[in-house]
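The following account begins at a single residue and proceeds outward to the strands and the core around it.

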Amino acid sequence: MLIATSAIAAPKVLKKVPPEFPSAATKKGVTSGSVKAQIQIGPDGKVTDVVILEAAPPKLFDKAVIEALMEWRFEGSGEKQTHELKLVFNSED
(Lines give C-alpha, C1' and ligand atoms only; values in the text may rest on other atoms or scores of the structure.)
Protein backbone atom coordinates (compact mmCIF):
# COMPACT_ATOMS: atom_id res chain seq x y z
CA MET A 1 0.00 0.00 0.00
CA LEU A 2 1.33 3.40 -0.98
CA ILE A 3 0.43 6.44 1.07
CA ALA A 4 1.31 9.84 -0.40
CA THR A 5 1.89 12.65 2.04
CA SER A 6 2.23 16.36 1.33
CA ALA A 7 5.74 16.34 2.82
CA ILE A 8 6.94 14.06 0.02
CA ALA A 9 4.90 15.41 -2.88
CA ALA A 10 6.54 18.22 -4.81
CA PRO A 11 4.62 21.49 -4.59
CA LYS A 12 2.73 22.45 -7.73
CA VAL A 13 4.50 25.15 -9.73
CA LEU A 14 2.21 27.98 -10.84
CA LYS A 15 4.89 30.25 -12.32
CA LYS A 16 8.34 29.26 -13.62
CA VAL A 17 10.96 31.80 -14.57
CA PRO A 18 13.89 30.32 -16.50
CA PRO A 19 17.30 31.54 -15.31
CA GLU A 20 19.33 33.55 -17.79
CA PHE A 21 22.53 32.00 -19.12
CA PRO A 22 25.19 34.22 -17.50
CA SER A 23 27.39 36.28 -19.83
CA ALA A 24 30.31 35.47 -17.50
CA ALA A 25 29.90 31.80 -18.41
CA THR A 26 29.88 32.61 -22.12
CA LYS A 27 33.03 34.73 -21.73
CA LYS A 28 34.78 31.81 -20.01
CA GLY A 29 33.75 29.44 -22.79
CA VAL A 30 31.43 27.48 -20.50
CA THR A 31 28.51 26.03 -22.48
CA SER A 32 26.72 23.99 -19.83
CA GLY A 33 26.35 23.46 -16.12
CA SER A 34 23.95 22.49 -13.40
CA VAL A 35 22.84 23.82 -10.05
CA LYS A 36 21.08 21.96 -7.26
CA ALA A 37 19.14 24.36 -5.06
CA GLN A 38 16.98 24.16 -1.98
CA ILE A 39 14.04 26.52 -1.88
CA GLN A 40 11.90 27.62 1.04
CA ILE A 41 8.28 28.16 0.08
CA GLY A 42 6.02 30.27 2.27
CA PRO A 43 2.43 29.32 3.18
CA ASP A 44 1.22 31.53 0.30
CA GLY A 45 3.36 29.73 -2.30
CA LYS A 46 5.98 32.46 -2.66
CA VAL A 47 9.65 31.47 -2.56
CA THR A 48 11.18 33.02 0.56
CA ASP A 49 14.74 31.73 0.31
CA VAL A 50 17.08 29.93 -2.09
CA VAL A 51 20.19 28.03 -1.00
CA ILE A 52 22.66 26.64 -3.55
CA LEU A 53 23.56 23.08 -2.52
CA GLU A 54 25.75 22.04 -5.45
CA ALA A 55 26.93 23.78 -8.59
CA ALA A 56 29.03 22.69 -11.54
CA PRO A 57 31.01 24.73 -12.37
CA PRO A 58 31.01 26.35 -8.91
CA LYS A 59 29.57 29.86 -8.45
CA LEU A 60 29.11 30.60 -12.16
CA PHE A 61 25.33 30.07 -12.31
CA ASP A 62 24.42 30.74 -8.65
CA LYS A 63 23.22 34.34 -9.06
CA ALA A 64 21.10 33.55 -12.13
CA VAL A 65 19.48 30.59 -10.35
CA ILE A 66 18.73 32.55 -7.16
CA GLU A 67 17.24 35.49 -9.11
CA ALA A 68 15.05 33.18 -11.21
CA LEU A 69 13.86 30.93 -8.37
CA MET A 70 12.88 33.92 -6.21
CA GLU A 71 10.36 34.76 -8.99
CA TRP A 72 8.80 31.28 -9.01
CA ARG A 73 5.35 30.79 -7.47
CA PHE A 74 3.84 27.60 -6.11
CA GLU A 75 0.38 26.59 -5.08
CA GLY A 76 -0.01 27.74 -1.47
CA SER A 77 -0.38 24.92 1.03
CA GLY A 78 -0.98 27.08 4.10
CA GLU A 79 2.33 25.97 5.61
CA LYS A 80 6.03 26.45 4.95
CA GLN A 81 7.69 23.91 2.69
CA THR A 82 11.24 23.07 1.69
CA HIS A 83 11.92 21.62 -1.73
CA GLU A 84 15.06 20.71 -3.68
CA LEU A 85 15.41 20.97 -7.43
CA LYS A 86 18.10 20.82 -10.07
CA LEU A 87 18.44 23.26 -12.96
CA VAL A 88 20.55 22.35 -15.98
CA PHE A 89 22.10 24.99 -18.22
CA ASN A 90 22.96 24.61 -21.89
CA SER A 91 23.94 27.58 -24.02
CA GLU A 92 21.98 28.15 -27.20
CA ASP A 93 25.16 28.63 -29.26
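**From one residue to the core**

In this predicted model, Ile39 has a relative accessible area of 0% and is therefore buried. Its place in the chain is strand β2, which spans residues 32-41.

The surroundings of Ile39 may be considered next. Beyond residues up to four places away in sequence, Ile39 touches Val47, Asp49, Val50, Leu69, Phe74, Gln81, Thr82, His83 and Leu85. One of these contacts, Asp49, lies 10 residues from Ile39 in sequence, and the C-alpha atoms of the two are 5.7 Å apart.

Several of the other contacts lead to strand β5. Strands β2 and β5 run antiparallel and are joined by 10 bridges; in one part of this pairing, Ile41 has Gln81 of β5 as its bridge partner. In a regular strand, side chains alternate between the two faces of the sheet. Strand β5, residues 81-90, shows this alternation: Gln81, His83, Leu85, Leu87 and Phe89 point to one face and are buried, whereas Thr82, Glu84, Lys86, Val88 and Asn90 point to the other and are not buried.

Nonpolar side chains tend to be buried together in soluble globular proteins. Here the largest nonpolar core comprises 17 residues, and Ile39, Phe61, Val65, Leu69 and Trp72 touch the most other members. At least two residues of this core come from each of β2, β3 (47-56), α2 (62-69) and β5. Strand β2 gives the most, with 4 residues.

Val65 offers a second view of the packing. Apart from neighbours within four places in sequence, Val65 is in contact with Pro19, Val35, Ala37, Ile52, Leu87 and Phe89.

Notes
Residues are numbered from 1 along each chain as its sequence is written. This is a predicted model: local features need pLDDT of at least 70, side-chain atom pairs count only at pLDDT 80 or more; totals for chains, interfaces and linings use all residues. Side-chain values use heavy atoms; hydrogens and water are left out. Buried means under 20% relative accessible area, exposed over 50%, partly exposed in between (1.4 Å probe, protein chains only). Contact means heavy atoms within 4.5 Å. Two strands pair if DSSP finds at least two bridges between them. A nonpolar core is a set of buried Ala, Val, Leu, Ile, Met, Phe, Trp, Tyr and Cys residues joined through side-chain atoms within 4.5 Å.
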